[in-house]
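Biologist: I'd like to go through this protein with you and ask where the labels come from. Can we look at it together?

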Amino acid sequence: IAGGILATGVKLGDGEFGFGALLCLGAIVLFAWATRATTHDFSHLSTIGRTTITLTGGLVVMLIIFLGCYFLQYDVAAIGNHDLYNLFLILFFSLVSLAFAHLLWIWAAGNLGILVASLHMNAVPFYVMVTMVIVLAGSWNTMQAIGATLVAAGAVLSQLFARRQLSEF
């Protein structure tokens, strides 16, 4: 968690972290569990089939959450502009990009393993920073580099610990 905070450049003094941070941690746990369950329990399906199942499950859960927020009149469920252009953008970004990204994630987790795939996914801020420094002459941020290193070390240690626990079980 500390590595993720450093790698993304979050400044803890700039805001309050409470229920939202708890929800993010819960989402991380659920995402890791769903990835493992998908790659193991649905290994007989194609990558597209596994992607379809997980995205459909996510759609159902988010629809339930949205409808609950909408009927309870929470501000998070406010519907903005819904002209043809904005509907196209929503469909494109939510369906096309999400489906493609999730397809690649499921493929990577299934072929490389969750450890290697998550190492690369968690190191994305570091990759972006290196690309910006090399290609666009951006500035180097040592704290983000340290954060990416902590994330990678944490993922490796957790996998080693999990394998050790499984072998003892």
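Modeller: Sure, let's start with helix α3, residues 47-71: its 25 residues reach 36 Å from first C-alpha to last, close to the 36 Å expected at 1.5 Å a residue. Residues are numbered from 1 along each chain as its sequence is written. This is a predicted model, where local features need pLDDT of at least 70, side-chain atom pairs count only at pLDDT 80 or more, and totals for chains, interfaces and linings use all residues, while side-chain values use heavy atoms, with hydrogens and water left out.

Biologist: What makes 36 Å the expected span of α3?

Modeller: The expected span is 1.5 Å times one less than the number of residues, and α3 has 25 of them. A helix here is a DSSP run of H or I, at least four residues, numbered from the N terminus.

Biologist: Why is H102 called buried?

Modeller: Buried means under 20% relative accessible area, exposed over 50%, and partly exposed in between (1.4 Å probe, protein chains only). H102 has 12%, so it counts as buried. H102 sits in helix α4, residues 84-112.

Biologist: And why is L91 called partly exposed?

Modeller: L91, also in α4, has a relative accessible area of 49%, so it falls in the partly exposed range.

Biologist: What does H102 touch?

Modeller: Leaving out residues up to four places away in sequence, H102 touches F31, T51, T54 and L55. Contact means heavy atoms within 4.5 Å. One of these partners, T51, is among the buried residues of α3.

Methods
Helices (H or I, at least four residues) and strands (E, at least two) are DSSP runs, numbered from the N terminus.
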